[in-house]
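Q: Could you zoom in on one part of this model and tell me how it sits with its surroundings? I'd like a close look, told as one connected story.

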Amino acid sequence: METPQLALQHEQTLHTIRGHACLVAPGTGPKAKLAPADRILATVLHLRKLATKNLLGQLFGVSAVTISRTSQEVRPLLEAHGHHIDASTARFRTPTDLATFLSSSPAQIKIKRTG
């Protein structure tokens, strides 16, 4: 089930791409590839720059393009509610990098402050 604000943001994005309102009834068509909570989590991880879009896609079971679209749709919603996501100093490119980091001694990821 999608949150109303997330659904509205998604429809506005699609309206911009199509150039007109949806021609089919609401709720029809392809289902979302990510649950609302996963869409928000993937966006936050992407904005934190913790992992590449390819790695996030592998972790969530979708393509890098889906991660990119999700981030483009959810970012304005986060910003509209006053949530600014700072970049992290950690970067992971492969599942092995992430597994190695998580299995190592407790390390802290520092937040890179901007502005």
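A: Below is a walk around helix α4 and the pieces that meet it, starting with the overall layout.

Keep in mind that this is a predicted model. The protein has five helices and two strands, and along the sequence they come in the order α-α-α-α-β-α-β. Of its 115 residues, 26% count as buried. Among contacts with a separation of 6 or more, 71% join residues 24 or more positions apart. The spots around α4 give you some concrete contacts to look at.

Helix α4 covers residues 64-80, and T66 is one of its residues. Is T66 buried or exposed? Its relative accessibility is 11%, and the cut-off for buried is under 20%, so T66 counts as buried. Beyond its neighbours within four places in sequence, T66 touches K33 and L34. Both of those partners come before helix α2, which takes up residues 36-47.

Now step into α2 itself, where you'll find T43. T43 comes out at 0% relative accessibility, so it counts as buried too. Which residues does T43 contact, once its neighbours within four places are set aside? The list is T70, S71, V74, R75 and L78, and every one of those falls inside the 64-80 stretch of α4. T43 also has a polar partner: a polar atom of its side chain lies 2.8 Å from the backbone oxygen of R39. R39 falls within α2 as well, so that pair stays inside one helix.

Follow the chain out of α2 and you get to the loop between α2 and α3, where K49 sits. K49 is worth a glance for its backbone: its phi is positive, near 60°, and it isn't a glycine. With a relative accessible area of 49%, K49 counts as partly exposed, because exposed would take over 50%.

Next along is helix α3, residues 53-60, which includes K53. K53 is partly exposed, at 35% relative accessible area. Where does K53 make its contacts, leaving out neighbours within four places? It touches H46, A64, I67 and S68. H46 belongs to the 36-47 range of α2, whereas A64, I67 and S68 belong to α4. S68 is 15 residues from K53 along the chain, yet their C-alpha atoms are separated by 6.9 Å.

One more feature brings α4 back in: the second largest pocket, with about 160 Å³ of space. It is lined by 11 residues, and the closest to its centre are L47, H84, I85, D86 and A87. Of these, L47 lies within the α2 range. Which element gives the largest share of the lining? That's α4, with three residues. By class, the lining is a mix of four nonpolar, three polar and four charged residues.

For contrast, have a look at α1, residues 4-18. With 15 residues at 1.5 Å a residue it should span 21 Å, and its end C-alpha atoms are indeed 21 Å apart, so the two values agree. Right after α1 comes G19, with a positive phi near 85°.

To recap the α4 picture: T43 from α2 contacts T70, S71, V74, R75 and L78, K53 from α3 has A64, I67 and S68 among its contacts, and T66 touches K33 and L34.

Methods. Residues are numbered from 1 along each chain as its sequence is written. This is a predicted model: local features need pLDDT of at least 70, side-chain atom pairs count only at pLDDT 80 or more; totals for chains, interfaces and linings use all residues. Side-chain values use heavy atoms; hydrogens and water are left out. Helices (H or I, at least four residues) and strands (E, at least two) are DSSP runs, numbered from the N terminus. The expected span of a helix is 1.5 Å times one less than its number of residues. Buried means under 20% relative accessible area, exposed over 50%, partly exposed in between (1.4 Å probe, protein chains only). A polar contact is a pair of N or O atoms within 3.5 Å; within protein, one must be able to donate a hydrogen and the other to accept it, and residues adjacent in sequence count only if both atoms are side-chain atoms. Contact means heavy atoms within 4.5 Å. On a 1 Å grid over the protein atoms alone, a cavity is a set of points where a 1.4 Å probe fits but cannot get out, and a pocket is an open set with protein on both sides within 12 Å along at least five of seven lines; lining residues have an atom within 4 Å of a point. Grid points are joined across faces, edges and corners, and a volume is the space filled by probe spheres set on the points. Ala, Val, Leu, Ile, Met, Phe, Trp, Tyr, Cys and Pro count as nonpolar, Asp, Glu, Lys and Arg as charged, and the others, Gly among them, as polar.
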